[in-house]
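Visitor: Please take me through one part of this model closely, and then set that part in its wider surroundings. I would like a connected account rather than a list.

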Amino acid sequence: MRYFPRPNAEVENLDANLQRLYSALKRLVTTQELANLTGLAAKTAAILSTCEKRTVLSRALSSLADTEEKFEILRRKIEFRHENRNRYEMANQTDKLGEAYQEVEEWQVKVQRCQQQFEEISTEIKKEMECFELSTVKDFKNSIIRYIEDQMAHQQQVSSSIDSFYIHQ
């Protein structure tokens, strides 16, 4: 791709970052892996958001990074609340147990909201990626057509020059 070195490098950079994001998300199989890889996915999304020129996609990737960070914080907090509840149950502290159950429920609602926000952002990113792919293919097609037309015009000039040369001899 000698003719488009910069756009090609940007597309390759974006592709490499998307592959890293995909790899990070694919490995999120268990809750423990989720805890370990959410930070990596958030960092990758943040990196992607800084190199993307389309503002809507950039904002969506940035929101995804923020949401993933929030999700990790919420996951840790709900885990802490579960541990407290379990301690109260084991110690038979019924006076604190009701409050512990309520805290766990509140944090579970927050996690569900965060999950919903994540899904909405993911849907938006999918739509923007489709638009990106379509516009990139369209731009590439237009560039190739323009290049071929320029080459045909140049070929015609060369042909005219050769004809002119033979006529004058």
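**The pairing of E103 with R81**

Guide: In this predicted model, E103 and R81 form a salt bridge in which the closest N and O atoms are 3.4 Å apart. E103 belongs to helix α4 and R81 to helix α3, so the pair ties together parts that lie 22 residues apart in sequence. As background, side chains of opposite charge can pair when their charged atoms come close. A search of the whole structure finds one salt bridge. The two partners fall into separate classes of accessibility: E103, with a relative accessible area of 25%, is partly exposed, whereas R81, with 18%, is buried, the cut-off for buried being under 20%.

The surroundings of this pair can be approached through I78, which is also placed in helix α3. The C-alpha atoms of I78 and E103 are 8.4 Å apart in space, although 25 residues separate the two in sequence. With a relative accessibility of 11%, I78 counts as buried, and, when residues up to four places away in sequence are not counted, I78 touches V104, W107, Q108 and V111. I78, W107 and V111 appear again, together with L74, among the members of a nonpolar core of six residues, which lies apart from the largest nonpolar core.

That largest nonpolar core has nine residues in all, namely L14, L57, A60, L61, L64, I121, I125, M129 and F132. Helix α3, which spans residues 55-90, and helix α4 each supply at least two residues of this core. A60 offers a detailed view of the packing: leaving aside neighbours within four places in sequence, A60 is in contact with I121, E124 and I125. Of these partners, I121 and I125 are listed with A60 as members of the nine-residue core.

Another place to follow is L97, found in helix α4. At 17% relative accessibility, L97 counts as buried, and its contacts, once neighbours within four places in sequence are left aside, are with R85, Y88 and E89. L97 and N84 are 13 residues apart in sequence, while their C-alpha atoms are 8.9 Å apart in space.

Between α3 and α4 runs a loop, and N92 lies in it. N92 has a positive phi of about 60° although it is not a glycine, and for comparison, most residues other than glycine have a negative phi. With a relative accessible area of 61%, N92 is exposed.

Further along, attention moves to the surface, where F140, I144, Y147, I148 and M152 make a nonpolar patch of about 450 Å². Y147, one of these residues, has its place in helix α4, which covers residues 94-167. Y147 counts as partly exposed, at 34% relative accessibility.

The cysteines deserve a word as well. A disulfide is a covalent bond between the sulfur atoms of two cysteines, and the structure holds zero disulfides. C114 is buried, with a relative accessible area of 4%, whereas C131 is partly exposed, with a relative accessible area of 37%.

Stepping back to the whole, the protein has four helices and zero strands, and, read along the sequence, it follows the pattern α-α-α-α. Of the 169 residues in the protein, 25% are buried. The protein exposes about 12300 Å², of which carbon and sulfur atoms supply 54%. Among contacts between residues at least 6 apart in sequence, 67% join residues at least 24 apart. To return to the starting point, the salt bridge joins E103 to R81, and E103 in α4 and R81 in α3 are 22 residues apart in sequence.

Notes:
Residues are numbered from 1 along each chain as its sequence is written. This is a predicted model: local features need pLDDT of at least 70, side-chain atom pairs count only at pLDDT 80 or more; totals for chains, interfaces and linings use all residues. Side-chain values use heavy atoms; hydrogens and water are left out. Patches are made of residues with over 30% relative accessible area and no salt bridge: like charges are joined within 9 Å, nonpolar side chains (Val, Leu, Ile, Met, Phe, Trp, Tyr) within 5 Å. Accessible areas come from the Shrake-Rupley method with a 1.4 Å probe; for residues, only the protein chains shown count as cover. A salt bridge is a side-chain nitrogen of Lys or Arg within 4 Å of a carboxyl oxygen of Asp or Glu. Buried means under 20% relative accessible area, exposed over 50%, partly exposed in between (1.4 Å probe, protein chains only). A nonpolar core is a set of buried Ala, Val, Leu, Ile, Met, Phe, Trp, Tyr and Cys residues joined through side-chain atoms within 4.5 Å. Contact means heavy atoms within 4.5 Å. A disulfide is a pair of cysteine sulfur atoms within 2.5 Å.
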